[in-house]
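These entries record what I looked up, in the order in which I consulted the model. I began with strand pairing and then turned to charged side chains.

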Amino acid sequence: QVQLVESGGGLVQAGGSLRLSCAASGRTFINYAMGWFRQGTGKEREFVARISGRVGSTYYTDSVKGRFSISRDNAQKTVYLQMNRLNPEDTAVYYCAAAQVVSRDPGQYMYWGQGTQVTVSS
């Protein structure tokens, strides 16, 4: 069982930055791939970024490449999403999730946090 708690969301002006954190419980954090997803109002949940467990390989959706960076600290059981050059289209509830396989498919993720709101004003 893995429990995930996100933090770090908030209101920021366009062009600004935020860093989201996701703290995990459980002893096998390193065995899980971690992903960030987001869901805007009236939209479907979409993949943002993911990072593998031991090697730490990363993958991003095209719209955030070069602006967002996912990382993890396995000793602290925490995954991060550094978001730079934010724009209003990034406004959404951001969720972290854990999976036993590396994937962009939300259906592969077994555990989810409660989400944190990110609002980018123009």
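**Strand pairing**

I first looked up the partner of strand β1 (residues 4-7): four bridges join β1 to β3, and the two strands run antiparallel. I note here that the model is a predicted one. For a residue-level view of this pairing, I checked Leu 4, which stands opposite Ala 24 in β3.

I then followed β3 to its pairing with β8. Six bridges join β3 to β8, again in antiparallel orientation. Within this pairing I located Ser 21, whose bridge partner in β8 is Tyr 80.

How many of the seven residues of β3 are buried? I found five of them buried, and I therefore recorded strand β3 (residues 18-24) as mostly covered, buried being under 20% relative accessible area.

**Phe 37**

I located Phe 37 in strand β4, which spans residues 33-39. Its relative accessible area is 0%, so I entered Phe 37 as buried. I also looked up its separation from Tyr 94: the two residues lie 57 positions apart along the chain, yet their C-alpha atoms are separated by 5.7 Å.

**Salt bridges**

Side chains of opposite charge can pair when their charged atoms come close. I searched the whole structure for such pairs and obtained four salt bridges.

One of them joins the side chains of Arg 38 and Glu 46, with an N to O distance of 2.6 Å. Are these partners buried or exposed? I list Arg 38 as buried because its relative accessibility is 6%. Glu 46 has 34% relative accessibility and so counts as partly exposed.

I next examined Asp 62 and Lys 65, which form a salt bridge whose closest N and O atoms are 3.0 Å apart. Asp 62 has a relative accessible area of 60% and is therefore exposed. Lys 65, at 44% relative accessibility, is entered as partly exposed.

I then turned to Arg 67 and Asp 90, whose side chains meet in a salt bridge at 2.8 Å, N to O. This pair links distant parts of the chain, 23 residues apart: Arg 67 sits in the loop between β6 (58-60) and β7 (68-73), and Asp 90 in the loop between β8 (78-83) and β9 (92-99). I recorded both Arg 67 and Asp 90 as buried.

Which residues are joined into one network by salt bridges that share partners? I identified Arg 38, Glu 46, Arg 67 and Asp 90 as its members.

Note on methods: Residues are numbered from 1 along each chain as its sequence is written. This is a predicted model: local features need pLDDT of at least 70, side-chain atom pairs count only at pLDDT 80 or more; totals for chains, interfaces and linings use all residues. Side-chain values use heavy atoms; hydrogens and water are left out. Buried means under 20% relative accessible area, exposed over 50%, partly exposed in between (1.4 Å probe, protein chains only). Two strands pair if DSSP finds at least two bridges between them.
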